[in-house]
Amino acid sequence: MRKTILAVSGAAALGAVALTGLNAQGGPAAEEMDTSAISSGSYSTDPAHSLVVWRLDHLGFNDYVGIFGDVAGTMELDTENLANSSVDVTIPIASVTVASEGLREHLLRASTNETNVPDFFGPEPAPARFVSTAVHQTGDHTAHIMGDLTFNGVTNPVTIQAELAGMGTNMMSQKETVGFHGTTTINRSEWNLGWGIPFGLGDEVELDITVAFEKD
């Protein structure tokens, strides 16, 4: 069964998700970056350029694919000791973007049976939230970010494999910016979103995240 993606953000070598790769404008490739130029401090996401891509197996034939945009949150970055860094981000579920209006209607549809439980998110889903609990550096530009993902009223631990994607001054905002890619995989049934699994919809969701943080 194909996986589905659900990834969530990151911090200075702690990055979060990738769709196509988000670099600070004018920034060098990751292997050429001098990370000593990144400064410690408080950062906030650039919501217009931060998003999560998810993918779910559709009955073994093809995939559901969607995007959660406008990811908002903060990062406290300690460049001397990444273990002291932290991330807290919120992902709006109600504004989910998919190619089919019919699919979007189904994702946000209220319950149609006596269980009073919607098939997927329902008409007024609360945002998802990821709060890091630990950061372990795994390389010059990579880290594992452990944290709690709260979604659909359930909180479970998640580990994001993160990579620094870009750094420098954003020529549009003139702010010091760092960008990250991240990936992780969850089982949606663990967040009480198991509709369709008995007849072939995938349980595993892979998340690809691309996030830009600007220094406050």
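Biologist: Let's start with a friendly one: what makes a polar contact with the side chain of Ser 36?

Modeller: That is the side chain of Asp 34, at 2.5 Å. The cut-off for such a pair of N or O atoms is 3.5 Å, so 2.5 Å qualifies. Keep in mind that this is a predicted model.

Biologist: Why is Ser 36 called exposed?

Modeller: Its relative accessible area is 61%, and the label applies over 50%, so Ser 36 is exposed. Ser 36 belongs to the segment before β1. In space, its C-alpha lies 8.0 Å from that of Thr 79, while 43 residues separate the two in sequence.

Biologist: And what makes Thr 184 count as buried?

Modeller: Thr 184 has a relative accessibility of 10%. Buried means under 20%, so Thr 184 falls in that class. You will find Thr 184 in strand β9. A polar atom of its side chain lies 2.7 Å from the backbone oxygen of Thr 159.

Biologist: Which class does Pro 47 fall into, and why?

Modeller: Pro 47 has a relative accessible area of 30%. Partly exposed covers the range between the 20% and 50% limits, so Pro 47 is partly exposed. Pro 47 sits in the loop between β1 and β2.

Biologist: Which residues does Pro 47 touch beyond its neighbours up to four places away in sequence?

Modeller: Pro 47 touches Asp 70 and Val 71. There is also a C-alpha to C-alpha separation of 7.4 Å between Pro 47 and Gly 69, which are 22 residues apart along the chain.

Biologist: Now the backbone. What is the phi of Asn 116?

Modeller: Phi of Asn 116 is near 60°, a positive value in a residue other than glycine. Asn 116 is in the loop between α1 (101–107) and β6 (128–137). With a relative accessible area of 65%, Asn 116 is exposed, because the cut-off is over 50%.

Biologist: What about Asn 152, and where does that residue lie?

Modeller: Asn 152 lies in the loop between β7 (142–151) and β8. Asn 152 has a positive phi of about 55°, although it is not a glycine. Its relative accessible area of 37% makes Asn 152 partly exposed.

Biologist: How many helices and strands does the protein chain have, and in which order do they run?

Modeller: The chain has one helix and 10 strands. From the N terminus on, the order is β-β-β-β-β-α-β-β-β-β-β.

Biologist: Why are β9 and β10 called a pair?

Modeller: Strand β9 (residues 176–187) and β10 are joined over 11 bridges in the antiparallel sense. Pairing needs at least two bridges, so 11 bridges satisfy it. One of the bridge partners is Thr 185, matched with Glu 206 in β10.

Biologist: What makes β1 and β2 partners of β10 too?

Modeller: Strand β1 (residues 41–45) has three bridges to β10 (residues 204–215), and β2 (residues 51–58) has five. Both numbers meet the requirement of at least two, so each strand pairs with β10. The sense is antiparallel for β1 and for β2. On β1, Tyr 43 stands opposite Lys 215. On β2, Arg 55 has Glu 206 as its bridge partner in β10.

Biologist: Which residues touch the most other members of the largest nonpolar core?

Modeller: This core has 47 residues, and the ones that touch the most other members are Trp 54, Phe 68, Met 75, Leu 107, Phe 121, Val 178 and Phe 213. Strand β8 (residues 154–169) gives the largest share, six residues. In soluble globular proteins, nonpolar side chains tend to be buried together. As for the whole chain, 46% of its 216 residues count as buried.

Biologist: Last one: where is the pLDDT below 50?

Modeller: The chain averages a pLDDT of 87, and 86% of the residues score at least 70. Over residues 1–28, however, the pLDDT is below 50, and this stretch has 152 contacts in the model beyond near neighbours in sequence. Where pLDDT is low, the predicted coordinates should not be read in detail.

Note on methods. Residues are numbered from 1 along each chain as its sequence is written. This is a predicted model: local features need pLDDT of at least 70, side-chain atom pairs count only at pLDDT 80 or more; totals for chains, interfaces and linings use all residues. Side-chain values use heavy atoms; hydrogens and water are left out. A nonpolar core is a set of buried Ala, Val, Leu, Ile, Met, Phe, Trp, Tyr and Cys residues joined through side-chain atoms within 4.5 Å. Buried means under 20% relative accessible area, exposed over 50%, partly exposed in between (1.4 Å probe, protein chains only). Helices (H or I, at least four residues) and strands (E, at least two) are DSSP runs, numbered from the N terminus. pLDDT is the predictor's confidence in each residue, from 0 to 100. Contact means heavy atoms within 4.5 Å. A polar contact is a pair of N or O atoms within 3.5 Å; within protein, one must be able to donate a hydrogen and the other to accept it, and residues adjacent in sequence count only if both atoms are side-chain atoms.
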